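The following paragraphs guide the reader through one protein model and its bound ligand. Please keep the sequence and the coordinates at hand while reading.

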Amino acid sequence: MRALQLVEPGHRLEERDVATPNPGPGEVLVKVGAAGICRSDVHYRKGHPEAGPLPLTLGHEIAGVVAATGSGVRRAEGDRVCVHYQLSCGDCPYCARGSEQFCPNGAMLGMRRDGGFAEYVLIPERNAFLLPDEISLEHGAVMMCSSATCYHALRKARMTQGESVAIFGVGGLGMSAVQIARAFGAGDVYAVDINPAKLQLAATFGAVPIDATAGDPVEQIRQASGGGVDVALELIGLAATMRQSVDVLAPLGRAIAVGVGAEPVDVSAYRDMIVREAEIIGSADHLAQELPGLLDLARRGALDLSQIVTNRVPLEEEAVNAAMDALEQFGDEVRTVIVP
Ligand code: NAD
Ligand code: ZN
């Protein structure tokens with residue numbers, strides 16, 4: 001089968017012919033119907049965070065159709081599924097606590113194990129979640145990281161009814177964050193970006209657009225909110241916007257770090273945290289147990305991905321690397337999906 005693999009960090013993904021895997025006991029082979037390209041894939045291609053062992057097929061936003069099953073499996077050929085990218089043992093103390101992202105025996109598809117930028121992907125059956133008929137494969141795919149990460153981050157924020165939220169970066173992740181925050185009962189939701197079209201789209205989901213090119217976004221939000229917000233999500237991965245997500249907090253506010261970046265952020269325990277009892281919280285991935293609730297939001301239309309998938313490319317080296325180049329440069333697409 002064809003697969004797009006990271007062979008060497010800092011270089012373009014390569015189209016390679018690899019063996020189509022055979023499902024063993026408890027496994028299913030999924031024919032990829034759609035695979036989203038996440039900013040994290042751009043980071044892996046660059047080499048930070050380091051993905052591997054190489055060569056590795058990237059792709060962790062995956063949905064498709066079961067093509068073959070191993071022994072002892074209940075899923076059947078033809079089932080439409082979306083893929084939970086976190087593999088875990090189910091047995092260790094972290095899995096027992098429901099925090100399977102930290103399973104020492106686990107692995108992330110598309111970062112540690114071959115992922116979905118291929119014709120087929122091999123997964124344990126329990127990572128295949130049935131996709132409701134109302135949700136397309138494209139939407140199911142991008143929900144498996146971009147929406148699921150925001151769902152988890154808002155839960156980590158302990159956001160309660162009526163609280164105000166600032167979303168830094170309304171790209172692939174941020175457009176879901178705006179909608180999920182509203183579905184969770186947020187009060188005002190401020191969407192910060194530098195791209196006018198993305199700000200306009202976020203506004204159609206009910207956000208107050210904050211154009212970061214028109215002046216300090218922290219000042220703009222402070223003015224609009226009368227002092228600051230209860231929750232701020234950083235969904236870009238820049239030190240400057242991480243800093244802004246802390247600066248914009250009201251007393252008792254929580255800043256959630258989601259965006260991946262290499263630069264350190266300067267934080268003062270007294271000025272930033274103690275005097276406001278503010279919290280800075282890291283949010284990693286999402287949990288299998290969160291997926292039913294997330295799928296239900298999309299099934300009910302509270303999470304609408306139809307305008308978030310803005311671009312489709314074939315499973316080809318040139319097209320996929322070009323889409324990743326554009327994403328790296330903060331281009332205009334919200335989410336690109338590979339349709340093999
Ligand atoms: P994206 O490029 O689609 O979105 C980023 C958005 O930020 C874009 O809309 C861009 O216009 C905007 N932006 C750029 N510079 C800005 C600035 N100075 N001020 C305001 N807005 C600015 O990326 P994505 O796929 O949504 O991913 C976002 C980040 O989340 C990435 O760093 C990714 O690696 C990370 N991520 C983390 C997790 C996790 O579990 N923690 C999971 C998935 C993705
Ligand atoms: Zn991702």
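Helix 1 contributes four residues to the lining of the largest pocket, which is the highest contribution to that lining. The model in which this pocket is found is a predicted one. Besides helix 1, several other elements each supply at least two lining residues, among them strand 8 (107–108), helix 3, helix 4, strand 12 (189–193) and helix 7 (239–247). In total, 46 residues line the largest pocket. Those lying nearest its centre are Arg-39, Leu-173, Ile-236, Gly-259 and Val-260. Sorted by class, the lining consists of 22 nonpolar, 17 polar and seven charged residues. The space within the largest pocket amounts to about 860 Å³.

What takes up the space of the largest pocket? The occupant is ligand 1. Around ligand 1 there is a shell of 27 residues, and the closest of these are Arg-39, Ser-40, Asp-193, Asp-285 and Arg-335. Arg-39 is thus named among the closest residues to ligand 1 and also among those nearest the centre of the largest pocket. The shell can be divided by class into 13 nonpolar, nine polar and five charged residues.

The helices may now be considered from the side of the ligand. Helix 1 (39–46), helix 3 (137–156) and helix 4 (172–183) each provide at least two residues of the shell around ligand 1. Helix 1 again gives the most, here with three residues.

Individual polar contacts add detail to this arrangement. A polar atom in the side chain of Arg-335 is 2.7 Å from an oxygen atom of ligand 1, and Arg-335 is also one of the closest shell residues. For His-43, an N or O atom of the side chain lies 3.1 Å from an oxygen atom of the ligand. Gly-171 takes part through its backbone, a polar atom of which is 3.4 Å from an oxygen atom of ligand 1. How much of the accessible area of ligand 1 does the protein cover? On its own, ligand 1 has 870 Å² of accessible area, and the protein covers 93% of that area.

Some features of the backbone also deserve attention. The loop between helix 1 and strand 4 (56–57) contains Pro-49, and the peptide bond from His-48 to Pro-49 is cis, with omega near -5°. Pro-55 is likewise placed in the loop between helix 1 and strand 4. The bond joining Leu-54 and Pro-55 is a cis peptide bond, with omega about -5°.

A further backbone feature concerns Arg-158, a residue in the loop between helix 3 and strand 11 (165–168). Its phi is near 50°, a positive value in a residue other than glycine.

Technical notes. Residues numbered from 1 in each chain as written. Chains lettered and ligands numbered in written order. Predicted model: local features only at pLDDT ≥ 70, side-chain atom pairs only at ≥ 80, totals over all residues. Heavy atoms only, no water. Near = heavy atom within 4 Å. Polar contact = N/O pair within 3.5 Å; in protein donor to acceptor, adjacent residues only side chain to side chain. Areas by Shrake-Rupley, 256 points an atom, 1.4 Å probe, with all protein chains shown as cover. 1 Å grid on protein atoms, 1.4 Å probe; cavity = no way out; pocket = protein on both sides within 12 Å on 5 of 7 lines; lining within 4 Å. Sits in = over half its atoms within 2 Å of the grid points. Nonpolar A, V, L, I, M, F, W, Y, C, P; charged D, E, K, R; others polar. Points joined across faces, edges and corners; volume = space filled by probe spheres on them.
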